[in-house]
Amino acid sequence: MLRLTRVLGHATEPQLAETLHRLEHGGTVERLKLSRADTARKRLHAFTDRGTEVGVMLDRSEQLSNGAVLLLEPTRAIVVALEEPQWLALAPRDAAAALELGYFCGNMHWKVRFAGEYLHVSLEGPRETYLERLAHLVANGSISVIGDD
Amino acid sequence: MNDINANAIPAASRERPSTAARVGIGGPVGSGKTALLEQLIPRFLARGTDLAVITNDIATKEDAERVRRSGLIAPERVLAVETGACPHSAIREDPTLNMQSADDLDRRFPGLELILIESGGDNLASSFSLDLVDYWLFVIDVAGGDDIPRKRGLGVLSCDLLVINKTDLAPYVRVDLPRMVREANEVRKGKPVLLTNCAIGDGVDAVVEQIAREVLFDR
Ligand SMILES: Nc1nc2c(ncn2[C@@H]2O[C@H](COP(=O)(O)OP(=O)(O)OP(=O)(O)O)[C@@H](O)[C@H]2O)c(=O)[nH]1
Ligand SMILES: [Mg+2]
C-alpha cells in the first residue's frame, strides 16, 4: 500500500501541468476518483483507476480537491479526479409546497442549490434513496421530479 | 527506465502527517458506544497506537469520567464535550467544539495517531460530518430489535462501518440475528457490517483491524 501524505500541488499550476502532460505520454498519470463528500476526509483508503492501493493521510491543514497532485515520480503521478456532482431537480407545485420541500430537505441535512423555480438536491448516495425519502411529497402532488415521466 | 518497486515508499511520501486520524463512534442511546470504546482502547494501546479519546454528553461529563476512571488510558488523554440540547449538532451541523478539542489533543500530544470521538446517544438519523472525522462507526444493538436495519436510518445507511452490538442478547429479546445481519448488508449495499459483544469483547479485534486498515496505514 502506498502512503500519500501530502498535497504536492494542483494540476492547474503551470509547472505541474507541464510535468503531468509529459507523464501522460512517457509514463502514467493515475486518477484517484473521489466523491465531493470524500474530499473532506484527511484519511482515506482507496484504489486508483490503475488499481494502485493507496492510503491518503494528510495534515488537517491540507485539503483534497479536484486536481490535487498526491504523488509525483519520474514515471508516475497520482492526481485526484472529482466525480461530477449529481443533482436531483425538484419542482414544487406552489409556494406552500416549496416551503414544505425546503423544510424537509433541511431536516434531511441535504445539500441543495436554488435554481429559480426548482430546488436541486446534491446526490451523495444512490438516487433511489433520495426518491424514497421524497415519496410522500411526490405522492400527494406537492412536488414533481424533473426529468422523470 | 526506472523500475518502480511497488513496496518502496517514495521520498515525497515518507514522513507521517503531524495530526492524528479522527474516527467517530455514533449510534442510538445505550447501544454500547462507551462499552465499545472501553474494548477498543486496550487493543489499540497493545498494538502501539498513540491514542486519545473525546466523549460527548448532553449536560454532563459522565462518559468521559467513566473512561478516565477505567484506568485503561491516561486521564489527560480523555476530553469531554458538553453538547447542550442536541447531540447531533455537535457532530454534524456545528462540530466546532469537537474540532477544537481534537486540535487541542493534536497540540498536546505530538505523535498522536488516533482520536476516537464518541457522540452523545441520539437516534437512527444521526451522522458525523466529514469535516470532523475521517471515518465513522454507527453502533446499534440487537436489543433495539432486528427491524432496525430495515428502517434505513441515515446513520445505518451512511456510516463507514456498522457495528451490531450486544449479540449475546439475541436469544433473550427474540431477535433473528442472521436475518438482522442479512438486512443490514442489503441496505448498506456492500459497505462493512461487524458484530460485537462488548460485554466480553467478542468481535472487537475485527473492528480494530478495520479502523487500522482504513485510516492508520501503519503496517
Ligand atoms: N449484554 C450486553 N450488554 C452490553 C453490551 N454492550 C454494552 N452493554 C451494556 O449496555 C448498557 C449501555 O452501554 P453504554 O456503553 O453505556 O452505551 P452508550 O451507547 O455509550 O450509551 P450513551 O452514551 O448513554 O448513549 C450498559 O449497561 C452496558 O454494560 C453487550 O455487548 N452485551
Ligand atoms: Mg456512552
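Begin with the salt bridges: in this predicted model, a search of the whole structure finds 22 of them over all chains. One to select is the pair B:D134 and A:R60, where B:D134 sits in the loop between β4 (114–118) and β5 (135–141) of chain B and A:R60 in the loop between β5 and β6 (68–72) of chain A, so the pair joins two chains. Draw the distance between the two side chains, and the salt bridge comes out at 2.9 Å, N to O. Side chains of opposite charge can pair when their charged atoms come close.

**The interface between chain B and chain A**

Next, colour the two chains separately and select the residues that touch across the boundary. How many residues does each chain give to the contact? Chain B supplies 39 residues and chain A supplies 33 residues. The size of an interface is often given as the accessible area lost when the parts come together. Here the area buried between chain B and chain A is about 3,000 Å², and carbon and sulfur atoms give 49% of that area. The count of salt bridges between these two chains is four, while 15 residue pairs, both at pLDDT 80 or more, are in polar contact across the interface.

Stay on the side of chain B that touches chain A, and show its secondary structure: the elements that give two or more residues to this side are β1 (21–26) and α6 (204–216) of chain B. Of the elements, α6(B) gives the most, with four residues. If you then colour this side by residue class, you will find 16 nonpolar, six polar and 17 charged residues.

**From α6(B) to a three-stranded sheet**

Keep α6(B) selected and add β4 and β5 of chain A, since the helix lies across both of these strands and runs at about 85 degrees to β4(A). These strands belong to an open sheet of three strands in chain A, with the order β1-β5-β4 and mixed pairing. Which strands form the edges of this sheet? They are β1 (2–4) and β4 (43–47) of chain A, each of which pairs on one side only. Looking along the sheet, neighbouring strands are turned by 20 degrees against each other on average, direction ignored.

Now select β1(A) together with β5 (residues 53–57) of chain A, which run parallel and are joined by three bridges. Within this pair of strands, A:L2 has A:V54 of β5(A) as its bridge partner.

**A four-stranded sheet in chain A**

Move on within chain A to another open sheet, in which four strands follow the order β9-β10-β8-β11 and the pairing is antiparallel. Its edge strands, which pair on one side only, are β9 (112–115) and β11 (143–145) of chain A, and the twist averages 30 degrees from one strand to the next. Strands of a sheet pair through backbone hydrogen bonds, either parallel or antiparallel.

Select β8 (residues 86–92) of chain A and look at its two neighbours in turn. With β11(A), strand β8(A) pairs in the antiparallel sense over three bridges, and A:L90 stands opposite A:V145 of β11(A). With β10(A), strand β8(A) is joined by five bridges and again runs antiparallel; here A:W87 has A:S122 in β10(A) as its bridge partner.

As a last stop, add helix α3 (residues 127–139) of chain A to the view. What does this helix lie across? It lies across β8, β10 (118–123) and β11 of chain A, and runs at about 150 degrees to β11(A).

Technical notes
Residues numbered from 1 in each chain as written. Chains lettered and ligands numbered in written order. Predicted model: local features only at pLDDT ≥ 70, side-chain atom pairs only at ≥ 80, totals over all residues. Heavy atoms only, no water. Contact = heavy atoms within 4.5 Å. Buried area = accessible area lost by both parts, 1.4 Å probe. Polar contact = N/O pair within 3.5 Å; in protein donor to acceptor, adjacent residues only side chain to side chain. Nonpolar A, V, L, I, M, F, W, Y, C, P; charged D, E, K, R; others polar. Pairing = 2+ DSSP bridges. Axes fitted to C-alpha atoms, helices over the stretch in contact; angles between N-to-C directions.
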